[in-house]
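Biologist: Before planning any work at the bench, I should like to go through this model in an orderly manner. May I put a series of questions to you?

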Amino acid sequence: MRVGDFFSRIAEEIPAPAEVAAEIDPPFILAANVYHLRTAHGLTQTQLARAVGIAQPRIAEIERGDANPTLGTLVKLAHALGVSVSVLLDPACADQDPAGDTEPPAVTANLQWSQAVEELEEISATAGAQETSSAAAEPDDLAQWAARLVERLPHGRGIRQVSKGVVFELSVFESTYAQRVR
Amino acid sequence: MPKFLRDAEFYEDAQGQSEVMKQLGAIARSDARGYRTIQNKITLLRQQTLQDALQSKLIRKPSATIYVLRVQSGAAVSYRLPFFEPLCRHGSLIVFTHCERRRGLQGDAYSTLIEQAETLREEWIQRNCKER
């Protein structure tokens, strides 16, 4: 018997208690929507996790409906997938094709960001230099790091970058750090 | 309705008897939330490729032919639903054979369950994939 027919039969024979029937299931709606949007954009879980600034197993947890992410994570997820938070929680979202077949701009930029960070970290490791991550770097190091990073990114302004859990506004980033060393 | 990549069925023998449907009916009576979580997990599984579901650990593959859908319902109650994908249906169908509480699958019980699922798979294929 098909599962849909069985579930319909059970719903008639054994109605769920009112408190259960009235509940909505946000984790499962979110799971279906994140999976739908991620695959529609041709992203792997790892690429999405990197763009959002969380670990890949966390994306896996979300996509299997076992996660109850924070608002902050939801906002970053929505941004990385090029939609609003309300779309992520919309039961009808998985019925629709996302606009365009390519990666959303935020993800593209975030991937470039991630690649740039990786490249810079490799350069840093090769040169035996100190830690280049923004969390650990001194302001002067960060300024140099930022300047090199901005040179590598095609979008100089107005792109919100999410990396390693920190939200950057590149225009602010550029004006506050990069210009100091120019 | 969400977009489904495949149909899903519950196993029935040649006489129309189905252990998995009996088990699910019992869960619907005794654990309404658990039953609803099972419904949701099956819906999610039907929307994902098996490869993606494996990566997300939504399912496991304990043998070459049997997958297991993992369902956590609340803190202490979990269910395991073995299923198979008949090759004669070109990946368009999955068939669930059992629905067991994880608590009852200690020791050899899990491997016994997988063996039973494999037996049902062979029987199902003999009955439904004759042309192959």
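Biologist: Which residues of H4(B) are buried?

Modeller: The model is a predicted one, and H4(B) is helix H4, residues 109-128 of chain B. The buried residues of this helix cover an arc of only 120° around the axis, which puts them on the same side of H4(B). They are Leu113(B), Ile114(B), Ala117(B), Leu120(B) and Arg121(B).

Biologist: Which residues are exposed on the other side of H4(B), and what covers the buried ones?

Modeller: The cover over the buried residues of H4(B) includes three strands of chain B: S3 (66-73), S4 (77-84) and S6 (100-101). On the other side of the helix, the exposed residues are Ser111(B), Thr112(B), Thr119(B), Glu122(B) and Gln126(B).

Biologist: How far apart are the end C-alpha atoms of H4(B)?

Modeller: The helix has 20 residues, and at 1.5 Å a residue it should span 28 Å. The model agrees with that expectation, because the end C-alpha atoms of H4(B) are separated by 28 Å.

Biologist: Turning to another helix of chain B, which residues of H1(B) are buried?

Modeller: H1(B) has 12 residues, which should span 16 Å at 1.5 Å a residue; its end C-alpha atoms are 17 Å apart, in agreement. The buried residues of H1(B) lie within an arc of only 120° around the axis, and therefore on the same side of the helix. On the other side, Lys22(B), Arg29(B) and Ser30(B) are exposed. The buried residues are Val20(B), Met21(B), Leu24(B), Ile27(B) and Ala28(B).

Biologist: Which helix of chain A is included in what covers the buried residues of H1(B)?

Modeller: Chain B contributes S1, H2 and strand S5 (93-96) to this cover. Chain A contributes to the cover as well, through its helix H1 (3-13).

Biologist: How many residues does each chain give to the contact between them, and which element supplies the largest share on the side of chain B?

Modeller: The contact takes 23 residues from chain A and 27 residues from chain B. On the side of chain B, strand S1 (7-10), helix H1 (19-30) and helix H2 (32-47) each supply at least two residues. That side divides into nine charged, nine polar and nine nonpolar residues. Its largest share, nine residues, comes from H2(B).

Biologist: At what angle does H2(B) pack with helix H3 of chain A?

Modeller: Helix H3 of chain A comprises residues 26-40, and its axis is 10 Å apart from that of H2(B). The two helices count as roughly parallel, because the angle is under 35 degrees. Its value is about 5°.

Biologist: Which residues make that contact?

Modeller: By class, the residues divide into five nonpolar, two polar and no charged. H3(A) provides Phe28(A), Ala31(A), Ala32(A) and Tyr35(A). From H2(B) come Asn40(B), Leu44(B) and Gln47(B).

Biologist: Is Arg36(B) buried or exposed?

Modeller: Arg36(B) is located in helix H2 of chain B. Leaving aside neighbours within four places in sequence, Arg36(B) is in contact with Ala16(A) and Val20(A). There are 20 C-beta neighbours inside 10 Å of Arg36(B), so this residue counts as buried.

Biologist: What distance separates the C-alpha atoms of Arg36(B) and Ser73(B)?

Modeller: Along the chain, these two residues are 37 residues apart. Their C-alpha atoms are separated by 9.0 Å.

Biologist: What is phi of Lys57(B)?

Modeller: Lys57(B) sits in the loop between helix H3 (50-55) and strand S2 (59-60) of chain B. With 14 other C-beta atoms within 10 Å, Lys57(B) is partly exposed. Its phi is positive, in a residue other than glycine, with a value near 65°.

Biologist: Lastly, which pattern does each chain follow along the sequence?

Modeller: Chain B contains four helices and six strands, and 38% of its 132 residues count as buried. Chain A contains 10 helices and two strands, and 32% of its 182 residues count as buried. Read along the sequence, the pattern of chain B is β-α-α-α-β-β-β-β-β-α, and that of chain A is α-α-α-α-α-α-α-α-α-β-β-α.

Note on methods: Residues numbered from 1 in each chain as written. Chains lettered and ligands numbered in written order. Predicted model: local features only at pLDDT ≥ 70, side-chain atom pairs only at ≥ 80, totals over all residues. Contact = placed C-beta atoms within 7 Å. Nonpolar A, V, L, I, M, F, W, Y, C, P; charged D, E, K, R; others polar. Axes fitted to C-alpha atoms, helices over the stretch in contact; angles between N-to-C directions. Parallel < 35°, antiparallel > 145°, perpendicular 65-115°, else oblique. Expected span 1.5 Å × (residues − 1). Buried ≥ 20, exposed ≤ 12 C-beta atoms within 10 Å, placed from the backbone. Arc of directions from axis to C-beta.
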